[in-house]
Amino acid sequence: MKRTYNEFIDNGLFVVSYYLKKDIQDITINDLKKTTDYFSNLAIKVLDNETLRNIVYTGYFSSQYEMSYRFMEKYYKTFEKRKNNVYKQYNNLLNNVSDDKYCICCGEKQVNINIEIGRNIIPDIVAGKFYNSANNLQMVDICPICCYLALLSIFNVIPIITKKGTIPSCVLYISDSNVVMKNITSKNMDLVLTQSLMNSIQIPKRQSLINITKDYNLPDFILNNISYITQVNFINNKNGSSIEKDIINNNKILFINKLSNTNNLEFFKKFYLYHALLDDKSMIKSIINQVNKYLEEGDIENMCDLIEKYEIPNKVKVLINKTFNMIMSANDEDALRKEIKLCDTIAKFEQFLLKNYEKSNQDLNEGEIYELTNYKYWNKYKYLLEWKLIREIKKNKGDK
Ligand SMILES: [Zn+2]
C-alpha cells in the first residue's frame, strides 16, 4: 500500500506494518483482513481502562469504539461483546471494498457508494478533517480501506495524561520520513502492548515535540533527510472540539538536534523558547522579554550563539555588528540600553542612531542608516541591537 500522508490513515498503516512485520508497500487488502481479530481484541484491552477510554471521546467519537462503551450496560456487557462490536465494524469495512469511485485519500478506485461514510464509520475526527458536517455532506468518497486504517490510528495516539490522571488531549505524529514513522510506531506500540501507556505521564505537548528526536531515538544520520514532523493535537471537551498542529521542518529539526548535542536543550526549555521556535517568532526577542532571568542565569552564551546563528541572516549580522560598534564607541552599554528601550517609534529610533552616529568615530554609510530605519525591519534591528547590548552587559558583569 502507498502512503496517503493523511495523519490518521498513515498512522494506521504503520501500526499494521509493525504488527505484520511487513513493509508498508508489501501490505495487501488480504493482509489487512487477517488483522481484524487481533486489533479489535487489542482495542478493547486498551479501552477497558477508564482513563484511556478518553482517547475515544477525544478523537474517535461515534466509532464502534465509543458505542461499545456508551451502551455497555445494555448491550456490550462482556469483553467479548465489546470486542465483537468493534470486530464487526472492522470487517464490515474490509469486506465491502468496491470500485464505484476513486478515493479522495488514497486515490485508488475502491470506494463503495453503498456504505455511507459518515460519523458512524469514520473516526469523528473534528471539523475540517475527513468530513465536515457543516457542509452537510452525506457522502464522502473515502474508501473502506482508508476508514479501517484511520480507525487503527488509535494505537499510535499518545494521550496527554496529567498528574491527576485525566486526558485533556491526544497527540499523533506524522512525518514524510518512513524511518521516523517506524520508530514512532514501534515505541508507541510497545507502550500499548506492555500496557504501560498510563505510566507515561506526558510532559506538555510542545515540549514532547522538541524532545522527539531523543524520545524516539531518531538517528542523527537520518535527520538531514526529514522534511517535517507534524504533531497533531486533538481536543474534544465541553468547550468544543479542535485540532491544532505544530510542525517542525528540517531547519528546526537540525537546530533542535544541535541544541541537544551541545547540552543546551534544558536551558532552551527553561526559557520556554520552543514556543517562539514553533510559532516562527523570535527566540531572541523572547529572551529579551526575560532579561532578568537571562542576566541571573549562568553561562548560556553557547545557546545564545546557536540561536543567533539560526535566527540572524549573515547580511543582517554584519550590519548589526557594525551598528553596534558604532553606538558603543559613543556610549556605554547601560546608558544605551535605557535609551534604546525608549525608541518606540521609527522616528525615535532614527534619532537615536543619528545622535550616536555623530558622536562616534565609526563609519556607517547612508545606505546602511537607511536600511536600519526601513519601516518594515527597523523593529527587528532595534531588538537585535538591544540583544547585543544585553549580552554585552552580561559579559561585563561576568568579567568584573
Ligand atoms: Zn482510500
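Helices (H or I, at least four residues) and strands (E, at least two) are DSSP runs, numbered from the N terminus. With that in hand, here are the views. Residues are counted from 1 along each chain, following the sequence as written. The model is predicted, so local features need pLDDT of at least 70 and side-chain atom pairs count only at pLDDT 80 or more, while totals for chains, interfaces and linings use all residues.

**View 1. The whole chain, from end to end.** The chain holds 22 helices and four strands. Its C-alpha trace spans about 85 × 40 × 40 Å along the principal axes. The radius of gyration (taken over C-alpha atoms) is 27 Å, whereas a compact globule of 400 residues would come out near 21 Å. That globule rule is 2.2 Å times the number of residues to the power 0.38. Domain 1 (7–160) and domain 2 (312–399) are the two parts into which the chain is divided, with bounds from an automatic or database domain assignment. Their C-alpha centres lie 58 Å apart.

**View 2. Leu42 and Leu47, two residues of helix H3.** Leu42 sits in helix H3, and so does Leu47. A residue is called buried if 20 or more other C-beta atoms lie within 10 Å of its own, exposed if 12 or fewer, and partly exposed in between, with C-beta atoms placed from the backbone. Leu42 has 21 such neighbours, so Leu42 is buried. Leu47 counts as buried too, because there are 21 C-beta neighbours inside 10 Å. Which residues does Leu47 touch, not counting those up to four places away in sequence? They are Leu52, Arg53, Val56, Tyr65 and Tyr69; a contact here needs C-beta atoms, placed from the backbone, within 7 Å. Now try two distances between C-alpha atoms. Leu47 and Thr78 are 31 residues apart along the chain and 13 Å apart in space. Leu42 and Tyr75 are 33 residues apart in sequence, with 20 Å between them.

**View 3. The largest nonpolar core.** A nonpolar core is a set of buried Ala, Val, Leu, Ile, Met, Phe, Trp, Tyr and Cys residues joined through C-beta atoms within 7 Å. The largest one here has 87 residues, and those with the most contacts inside it are Ala43, Cys146, Tyr148, Leu149, Leu152 and Ile154. Helix H7 (residues 144–152) gives the largest share of this core, eight residues. Domain 1 (7–160) and domain 2 (312–399) both supply residues to the core, so it lies between them. Zoom in on Tyr148 and you'll find contacts with Leu32, Tyr90, Leu93 and Leu94, leaving out residues up to four places away in sequence. Over the whole chain, buried residues make up 36% of the 400.

**View 4. Helix H8 and its packing.** Does the length of helix H8 match or miss the expected span? At 1.5 Å a residue, the 16 residues of H8 (residues 178–193) should span 22 Å, and the end C-alpha atoms are 22 Å apart, which agrees. The expected span is 1.5 Å times one less than the number of residues. The buried residues of H8 are Val180, Met181, Asn183, Ile184, Thr185, Asn188 and Val192. They pack against H1, helix H3 (36–47), strand E1 (158–160), strand E2 (169–175) and strand E3 (228–237). Just after H8, Gln195 takes a positive phi of about 55°.

**View 5. Two loop residues with a positive phi.** Most residues other than glycine have a negative phi. Lys21 is not a glycine, yet has a positive phi of about 50°. You'll find Lys21 in the loop between helix H1 (7–20) and helix H2 (29–33). Lys21 has 6 C-beta neighbours inside 10 Å, so Lys21 counts as exposed. Asn217, also not a glycine, has a positive phi of about 50°. Its place is the loop between helix H10 (212–215) and helix H11 (220–223). With 10 C-beta neighbours inside 10 Å, Asn217 counts as exposed.

**View 6. Where to be careful.** The predictor's confidence in each residue, from 0 to 100, is its pLDDT. The chain averages 89, and 94% of the residues score at least 70. Over residues 124–129, though, the pLDDT is below 50, and this stretch has 15 contacts in the model beyond near neighbours in sequence. Residues 131–136 also stay under 50, with seven contacts beyond four places in sequence. Where pLDDT is low, the predicted coordinates should not be read in detail.

Terms used:
Two residues are in contact if their C-beta atoms, placed from the backbone, lie within 7 Å.
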